[in-house]
Every structure is written in structure tokens, then in C-alpha cells.
Amino acid sequence: MRKIVIGTRRSKLALTQTHWVIEQLKQLGVPYEFEVKEIVTKGDRILDVTLSKVGGKGLFVKEIEAALRSGEIDVAVHSMKDVPSELLEEFTLAAITEREDPRDVLVSEDGHTLDELPAGAIVGTSSLRRSAQILHRRPDVQVKWIRGNVETRLRKLKEEDFSAIVLAAAGLKRLGYDEDIITEYLDKDVCLPAIGQGALGLECRVDDVETTELLAKLHHEETGKAVLAERAFLKEMNGGCQVPIGGYATVLEDGAVFLTGLVGSPDGKTILKEAKSGMVAEELGKEVSSLLTAQGAGAILEKVRSELEGS
């Protein structure tokens, strides 16, 4: 019986997601053994600066893809929001799993919602996308960078001077946290999610046909189509987790995709947003990118990149 080695980040969330994938495959009765290989990525090692300053795309996938290339692992399990908009030709996303709740949530120390937080309250996040939207909604609060896994961030909320932190609902749910820990689900009109947020991507080598066919059994067509539009938008904007870009798509009853794209300035003073529907996911992503570019999104992103390179 062939053993399939699955690589993933070492965090509790990444391992939980990986074991969930293995369980789904086992339930299909597939004739394979599975082994998990924990891999530490650059994004996991460097925790003393913001994500935007760590630099480069693929902060959380490069080391995992290196293991895939060498044959050390056969499958990589990623949070889709970590996956760069363009894969190397040697790899393929054989499956995108059904999306968990894509929203961001506010976890507040005193139970205050975002609108209820007192002026000057400190909100923790490591994402320029989240900070831009939080400051746009509440320019009178402060955003302070917070890094680390979910457990670390929740501990810092209790031990440090944060009034609230922003996390992904999907991560909390997958880790089994009680619903009570969430103070507020941030509506997508308030905080548009990251591209691919809530979905898992299962990556393997293009020439490994057997594994590709195995993983395809877990592909969720609707989620895959929506994420395809979001990633086409991200690719056209030349974006990643280092710049303030958000995007979320849904598939409508007639099969069309409805995509909302967002680009913001880090201080939240400018938020550009466009929404459009279309039958061809990739074309839709390009169209939303063009609409935002016409509003000046390219100049905002160029300024952000320039400031990051100079910092």
C-alpha cells in the first residue's frame, strides 16, 4: 500500500486542517496510508515584524513546496489565503475544499463590538487588509501589530494592552473554539476577507497523476470557482498578504460568479471597492481589477510597496 506523505505548517491550526483532510480521504475508503510531515516556514520563523515587512510572496508555502519538489512529501495542505496567486509550473492545486466561514471576527477583551470600542482602543492584527478596513470604520482606534498563531494571539489579548484582536472565523471554528469567544462577526461590508479565506488548497506535483486524482475527490466545485475568480483578481493586482487587498466571491443560482474586490490605503483613509458578476471566473477577476485600477488602486499599492522596500 502506497504511503502518502502530507506536509503542512507546524501550527495547531495547520495540523488540525491536515488531519481533517486525511480523515476525509479515509472516509472515501481510499487504499493509502498517510503520514504527516511538519514543516516550519519563513512566515512562522520570523515573528518580530509585521507580515508585510517579512517580504516576498509565499511566506507560508515556499519551504513546503521545496519539500514537495524534493519528494520528501507528496501533498501540501495550505490555507488558501496563504497561497500565491501564481503557482510554479511543476505544481498544481488538485483540490480546493469546501469553504468554512470566510468572515473575520472581532474578539474583544470587554465584549465591545467594533462600533462600541472606546476611542483610543488598541486593536491587534498582522494584516494590512484588516487594519485598513478597521481604521476606515473606526479612525479613532489604534491598530497594533500582533503576530503568532491563534493561541498566542488570544494569550496576548489577555496579557498585553490590546482591547480586541481580529482573527479568521474559519480558524477558530476548525480549532474547536466555543462560539462564545467571538464578540462580533465582521460583516463583509465592514471587513472584506482575504482572497481564498476559509478554504483549504491541496497541492501536489503535476507529474504525480495518482495523487492528483486522489485529491480531486475532495474538490468542491462551487468554492473552487469562487476562489478562481478571487485569485485571478489578486494576480492582476500583483497582490499578496503584504499589501491591503481583499476579495470575496460567491456563485449565484445561475452559475455566475459575484466578486467584490477591495484595495485600501494602510491608514484606512482610502478604501476602493468594486463588485461585479460574470460567467467566467478568471475574466471576472481581471474585470474587477481593471475597475479598481481605473480608480487609482495601482497607485495605492505601488506606494505601499515602495514604503515597505524603504523601511
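In strand β9, V105 has Tyr185 as its bridge partner, and L106 of strand β5 is partnered there by E184, where strands are DSSP runs (E, at least two residues) and helices likewise (H or I, at least four), numbered from the N terminus. The model is a predicted one, in which local features need pLDDT of at least 70 and side-chain atom pairs count only at pLDDT 80 or more, whereas totals for chains, interfaces and linings use all residues. Residues are numbered from 1 along each chain as its sequence is written, and side-chain values use heavy atoms, with hydrogens and water left out.

Strands β5 and β9 (residues 184-185) pair in the antiparallel sense over two bridges, pairing being assigned where DSSP finds at least two bridges between two strands. β5 (residues 104-108) is also joined to strand β8 (residues 164-168) by five bridges, and these two strands run antiparallel; within this pair, L106 stands opposite V166. Both belong to an open sheet of five strands with the order β7-β6-β8-β5-β9 and mixed pairing. The edges of the sheet are formed by β7 (142-145) and β9, each of which pairs on one side only. Five of the five residues of β5 are buried, and the strand is accordingly described as mostly covered, buried meaning under 20% relative accessible area, exposed over 50% and partly exposed in between, for a 1.4 Å probe and protein chains only. The side chains of D104, L106 and S108 point one way from β5 and those of V105 and V107 the other way, all five positions being buried.

A further set of pairings centres on β10 (200-205). Six of the six residues of β10 are buried, so this strand is largely enclosed by the rest of the structure. β10 pairs with β3 in the antiparallel sense over four bridges, and in this pairing G201 is the bridge partner of H78. β4 and β10 are likewise antiparallel and are linked by five bridges, with E203 as the bridge partner of L93.

Helix α1 (residues 12-27) comprises 16 residues and reaches 22 Å from its first C-alpha to its last, close to the 22 Å expected at 1.5 Å a residue, the expected span being 1.5 Å times one less than the number of residues. Its buried residues are L13, A14, L15, Q17, T18, V21, I22 and L25. In an α-helix there are 3.6 residues a turn, so residues three or four places apart point the same way. The buried residues of α1 pack against β1 (3-9), β2 (33-39), β3 (75-79), α7 (169-174), β10 and α8 (209-215), contact meaning heavy atoms within 4.5 Å. The helix is followed by G29, which has a positive phi near 75 degrees.

Two loop positions were examined individually. I73, in the loop between α4 (62-70) and β3, is buried, with a relative accessible area of 0%. Leaving aside residues up to four places away in sequence, I73 touches V5, I6, G7, K37, I39, I64, A67, L68 and R205. H219, in the loop between α8 and α9, counts as partly exposed at 32% relative accessibility. With the same exclusion of residues up to four places away in sequence, H219 touches A94, A95, I96 and G224; H219 and L200, 19 residues apart in sequence, are separated by 9.7 Å, C-alpha to C-alpha.Empty space was examined on a 1 Å grid over the protein atoms alone, a cavity being a set of points where a 1.4 Å probe fits but cannot get out, and a pocket an open set with protein on both sides within 12 Å along at least five of seven lines; lining residues have an atom within 4 Å of a point. Grid points are joined across faces, edges and corners, and a volume is the space filled by probe spheres set on the points. The structure holds one cavity of 30 Å³ or more, and about 30 Å³ of space lies in the largest cavity. Its lining consists of L172, K173, Y177, D178, E179, I181, I182 and Y185, which divide into five nonpolar, no polar and three charged residues; Ala, Val, Leu, Ile, Met, Phe, Trp, Tyr, Cys and Pro count as nonpolar, Asp, Glu, Lys and Arg as charged, and the others, Gly among them, as polar.

The second largest pocket has a volume of about 430 Å³ and is lined by 16 residues, of which S85, L228, R231, A232 and E282 lie nearest its centre. Two or more lining residues are given by each of β4 (91-96), α9 (221-236) and α10 (281-295), and the largest share, eight residues, comes from α9. The lining of this pocket divides into five nonpolar, three polar and eight charged residues.
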